[in-house]
Amino acid sequence: MKLEQFARAGQSIQEAREHPSPWMIVWIALKNHKGALVGAGVFTFIVLAVLIGPLIYTIDPQLTDTAVRNQGMSWQHPLGTDNLGRDMLAQMLSGGRIALAVGFAAMLLSLGVGITIGVVAGYYKRLDGPLMRLTDLFLALPLLPLLLVIIMLFRDTLRAFDPEMGIFILIVLGIGITSWMQTARIVRGETLAVKEREFVLAATSMGTSGLHIITKHILPNILSPIMVSATLGIANAIITESTLSFLGLGFPPDFPTWGRLLFDGVNFIEISPARVIWPGLAISLTVLSVNYIGDALRDAIDPRVRNE
Amino acid sequence: MLKYLSKRLFFAVPTLIVISFVLFALLDLAPNDPTGNLPQTIPQEVREEIRESLGLNKPFHIRYFKWMQQFFVNEPLNLIEEVTGLEIGDSESRLRVRSWLTRSPVVDLIIERLPQTLWVVGLSYIVGIMIALPIGVISAYKQYSWFDQIGTFISMVGFSVPTFFTGLVMIIIFSVTLSWFPSTYDTTHVVKDFPSFWFQVKQMTMPVMVLAFYNAAQLSRFMRASVLENLNLDYVRTARAKGLRDRSILLKHILRNSMLPVITMIALGVPTIFTGAIITEQVFRVNGIGQLLITGIQSADIPLVQSLSFLFAVLIVTFNLLADVIYGILDPRIKYE
Amino acid sequence: MSRSPLIALIALSILFLGSCSQESAEVDTNLRLLYWQAPSTLNPYLSSGTKDIEAASIVIEPLAHYDANAKKVPILATRIPTVENGDIAEDYRSITWHLRQDIVWSDGTQLTSADVVFSWRYCTHEEAGCTGKDSFRDVEQVVAVDDYTVRIDFTKPAPFPFGPFVGSVSPVLQYQQFKDCLGLRAQECTEANFYPIGTGPFIVEEFKANDTVRYKANPHYREEGKPFFQTVIIKGGGDAASAARAVLQTGEFDYAWNLQVEPEVLDNMRNAGKGEVLTAFGSQVERIMVNQTNEDPSLDADTRSVYLDGNNAHPFLSDINVRRALSLAIDRQILVDIGYGVAGQPTCNVIPLPEQYVSTNNEDCKTPNIDEANRILEEAGWVKGSDGVRAKDGVRLSLLYQTSTNSVRQGTQSLIKGMWQEIGVETELRNIDAAVFFGGDPGSPDTLQKFFADVQMYTNNFEGNDPSNYVEGWQCGNVPDPQNQWVGPNISRGCSEEFDALLDTLSETFDSDERVAIIKQLNDIVVQSIWEIPLIHRARVSAKSNSLKGFELNGWDSELWTIADWYREE
């Protein structure tokens, strides 16, 4: 490598330190945090497994084989089989795809809506009242009847378009629009507090635009509660989905997600404990690893921590 | 402050009316049927008559206004009569909001359910808070210590495992194998002496623990995050520079400031006590408000679901207001105009 | 609520865990029943499901019950009316019941024919929305001949006159208690609906709707020294598996109702040795309905799944060879082993019991034959394409298969999908929330009556022990369509002149042996035309503790029908 390139590389690292790109932050965060490193490893493994796994392990998760019911671990069926003789590993892999996708999509949706409403309400006094009334309205809507109605009303329309995608979109939308309110309220509270701080007051008096203040001063200062919300949000979405399964409103039984698999396996806990251990473990590990990453990110991003 | 409060209260009324309308419309749109659980041998003609007798075939706006009148005028009047013993107007022919499932007044059903819900869900909320706060504070104060790692791990497990699963595991361990606790909750049990009190404790232990574990998991994460944030603020450094001991900084300053968002969280969560814990109530057969709601949803009991959901809405709006007021009192930086 | 006592309370509970267990030496006279669907009302005429009828059946009673063998047993009447004893008119237009004169309501007043007449008026009032109204089908009037004699007149000859007041769905209410509750006012009589006065062995002491019912023994009960139990509790809530656990594993309850749980789960619980699993067969058959009309989603609302005098036939299910192959491919024993266990048996008939009505002409369906099914399809010109799905003239054998959401049904769906795959039939599965599927709301597209699918699966049965009304269901005129608001029991839309002619003969036949023969023939037409594919004869499954004796399960009436004879023996 030539000297020139070295210099350029050094320069970019220097730049990165002053104006860190998001990926840089992630890297710095993980480097300094053992738990997060393990978490990221586990999480990457899970994501890769559910993405690539079904391409390598090609057994149809819905294939019933009545000769091998309720089996333990074996070479044919590494995680055993369920009471219809369906392969658990194949179900876990395809279920994981849906569970993770639901978790992330619903979290992003709820976070996006929550942050926007929270910051705007906290920053612009004019909009505070109406937006908070809107939040109250959503908070006051009962989640279950709402989800029930949404799913029943639109299922057929979306089914015609694509049955699997349709129910997925419904559940994500359902969970997303019924879970953003806590984030919005917390973000608003934090925004109200940050707004009164000296540096924001200074920026305002210098005539900085509202948008600029929000993105440059307020958002970075309220990132930690957002991070916590995000990590809890993924878990929350996965849990809500399994709750819906428990109440018979979630994905249908022939469309297994981790939550659904856990629920279906619960009756068999004494016969084949593997049916609850694997989905339970998968959900816990995902939530746990996401949470560790979230912790590390918060430490890295929070300017007050970074300055030390 | 007073002005702010009255303004908020003034806005609460239209909010609630809009909510009641949205709820009613949603429930009306949902394709559910109160005759769906009847035996297959009952023919369609009879089902149609049952729907007719429930008033289901009347136009939407008539049903909505009827519900409004029954809920906002007749029910409060009835409550006043029952409390004071006075008779106001023609109370005999005053129609009350009636559940389709039981044909009995919805308000009576709710009142019947309150004791077990408040005992089990309320107690679990308090236990959850008592577990979560110390764990959150210590985890933050000793960040990345073994205590923090284990605390984080346990609270995440508590949060990520659904209660229908933890509940069943507890039943299999403590009811089936050890026979320590009953697996079902007896709502007709009356506490009158020590043995009956002891039975009450035993039958509450498992549902309370399952729920408390779940509540504590969420709350301790927020507490930890909040304390962590304050630990790095300027005033802590100033206090340290002045030579104050860590312990007194933690207890006197950090705790007070970091409790702010957590108290908001706690206040916001109070309505969930009244809305019940649907799954835990199902698993242990506590049969409180949550179970009432899910029974109503499953059997398309619109008056019941509508009234319950609306009461939840009232509670939520009230506690949101309360949370704001508490925030304002505790944090002098926030000004209400 | 202050915190410190709470901490103490929790600490106490942890310290003294299990140290305290009080068991009384005497025999426990409290009977604990577990219904995972909790009773909502104790007025069976306003019930929202079987659970309410069962909970009410130990308080209020009909004139006669069905016993475990589907025989009628007099309860409030002195004898079962027959033509021979003169209580059924020669022309079958009326039936006379003689009431027992020693029956006293639990408030001490006498049961008279006025109560019986009133119960008919109460239920048939057009604004009442009475669940049991079908029991009074074709009833012209109910007349009190004297204080203890009641005559029921029918509008046309009724070969089976035992609809009214036989079985728990149609009991006798007390006139005095319900006299102000006619029509719309029925809804407002909460006190009466929750605490009905009855003639049965128990009296309601406390009723918590959708939760718990407490009963105590009725001091006026007609049989001296009965019931043996002093108090009864029915607890509701939870799900079937946990209900089974509370009887079989923890022993907290004496009896649990309606346990549709996977067989291996139930077997495992039974191994704890605390109780036993009981089954009783009635007339319930899980079956697949085969749509005889075209359900193509692109058709308009007036055509989709509408019969149109046979001019709207299904593109491939109208071919009897396809239907025969579908039925032949199903291994019913596997469905039983996996989904039902002791709670089911393979069946080839839509009338599985009572014994005398059961046809023996269709037993071959119990031996599945994939090769034969493939051969039939091959011969009929359905040839496998490159995707493994058979087709003829561009029509592919691709089915939409719907049922209600229920884990056993979804398991059965998956299994059948696999079996049909072997004969080159492609299946798309779909499940619909039970309340919508069975609700029959004409506004919903997902009801079983609309049948917007190629095949659908559910359980059907008939009330009482006589299938006459049930077989009328398959008449051509009973096909649901938009004109009749989708009302009508002929769900599969099968129609044959032979069947309708036979039905006409049935309505003019009064000799019971001849009637049985005709009903068997009608069953054979339905099954052999394969409008429906019967799968499983389903049983009621309950669990009871070892200490509970005198119990007899019943597939035809309330499971609690002998509760007065139950006793405990440790």
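**Exercise 1. The salt bridge across the interface**

The rule finds one salt bridge across the interface of chain C and chain B. In this predicted model, identify which side chains meet in that salt bridge.

*Solution.*
Step 1. A pair qualifies when a side-chain nitrogen of Lys or Arg lies within 4 Å of a carboxyl oxygen of Asp or Glu.
Step 2. The side chains that meet are those of Glu49(B) and Lys133(C), with an N to O distance of 2.7 Å. This distance satisfies the cut-off of 4 Å, so the pair is counted as a salt bridge.
Step 3. The general principle is that side chains of opposite charge can pair when their charged atoms come close.

**Exercise 2. The composition of the interface**

Describe the contact between chain C and chain B: how many residues does each chain contribute, how much area is buried, and which elements of chain C take part?

*Solution.*
Step 1. Chain C contributes 77 residues to the contact and chain B contributes 66 residues.
Step 2. The size of an interface is often given as the accessible area lost when the parts come together. For chain C and chain B, this area is about 5700 Å², and 57% of it lies on carbon and sulfur atoms.
Step 3. There are 22 residue pairs in polar contact between chain C and chain B, counting pairs with both residues at pLDDT 80 or more.
Step 4. On the side of chain C that touches chain B, the elements supplying at least two residues each include the helices α1 (3-15), α5 (190-194), α6 (240-248) and α12 (434-439). Among the strands that do so are β7 (202-208), β8 (212-217), β9 (231-236) and β18 (455-460) of chain C.
Step 5. Seven residues come from α1(C), the largest share of this side.
Step 6. By residue class, the side of chain C that touches chain B divides into 31 nonpolar, 30 polar and 16 charged residues.

**Exercise 3. Salt bridges within chain C**

The whole structure has 40 salt bridges over all chains. For the pair Asp87(C) and Arg79(C), decide whether each residue is buried or partly exposed. Then state which parts of chain C the pair Lys226(C) and Asp565(C) ties together.

*Solution.*
Step 1. The closest N and O atoms of Asp87(C) and Arg79(C) are 2.8 Å apart.
Step 2. Buried means under 20% relative accessible area. Asp87(C) has 4% relative accessibility and therefore counts as buried, whereas Arg79(C), at 34%, is partly exposed.
Step 3. In the salt bridge of Lys226(C) with Asp565(C), the closest N and O atoms are 2.5 Å apart. Lys226(C) lies in the loop between β8 and β9 of chain C, and Asp565(C) lies in the loop between β20 (548-549) and β21 (567-568) of chain C, so the pair ties together parts that are 339 residues apart in sequence.
Step 4. Lys226(C) is partly exposed at 23% relative accessibility, and Asp565(C) is partly exposed at 29%.

**Exercise 4. Confidence in chain C**

State where in chain C confidence is lowest and where it is highest.

*Solution.*
Step 1. The average pLDDT of chain C is 89, and 95% of its residues score at least 70.
Step 2. Confidence is lowest in α1(C), with a mean of 47, and highest in strand β6 (residues 149-154) of chain C, at 96.
Step 3. Over residues 1-25 of chain C, pLDDT stays under 50, and the model has 23 contacts beyond four places in sequence for these residues.
Step 4. The model as a whole scores ipTM 0.85 and pTM 0.84.

Methods. Residues are numbered from 1 along each chain as its sequence is written. Chains are lettered from A and ligands numbered from 1 in the order in which they are written. Side-chain values use heavy atoms; hydrogens and water are left out. Contact means heavy atoms within 4.5 Å. Buried area is the accessible area (1.4 Å probe) that two parts lose on being put together, summed over both. A polar contact is a pair of N or O atoms within 3.5 Å; within protein, one must be able to donate a hydrogen and the other to accept it, and residues adjacent in sequence count only if both atoms are side-chain atoms. Helices (H or I, at least four residues) and strands (E, at least two) are DSSP runs, numbered from the N terminus. Ala, Val, Leu, Ile, Met, Phe, Trp, Tyr, Cys and Pro count as nonpolar, Asp, Glu, Lys and Arg as charged, and the others, Gly among them, as polar. Buried means under 20% relative accessible area, exposed over 50%, partly exposed in between (1.4 Å probe, protein chains only). pLDDT is the predictor's confidence in each residue, from 0 to 100.
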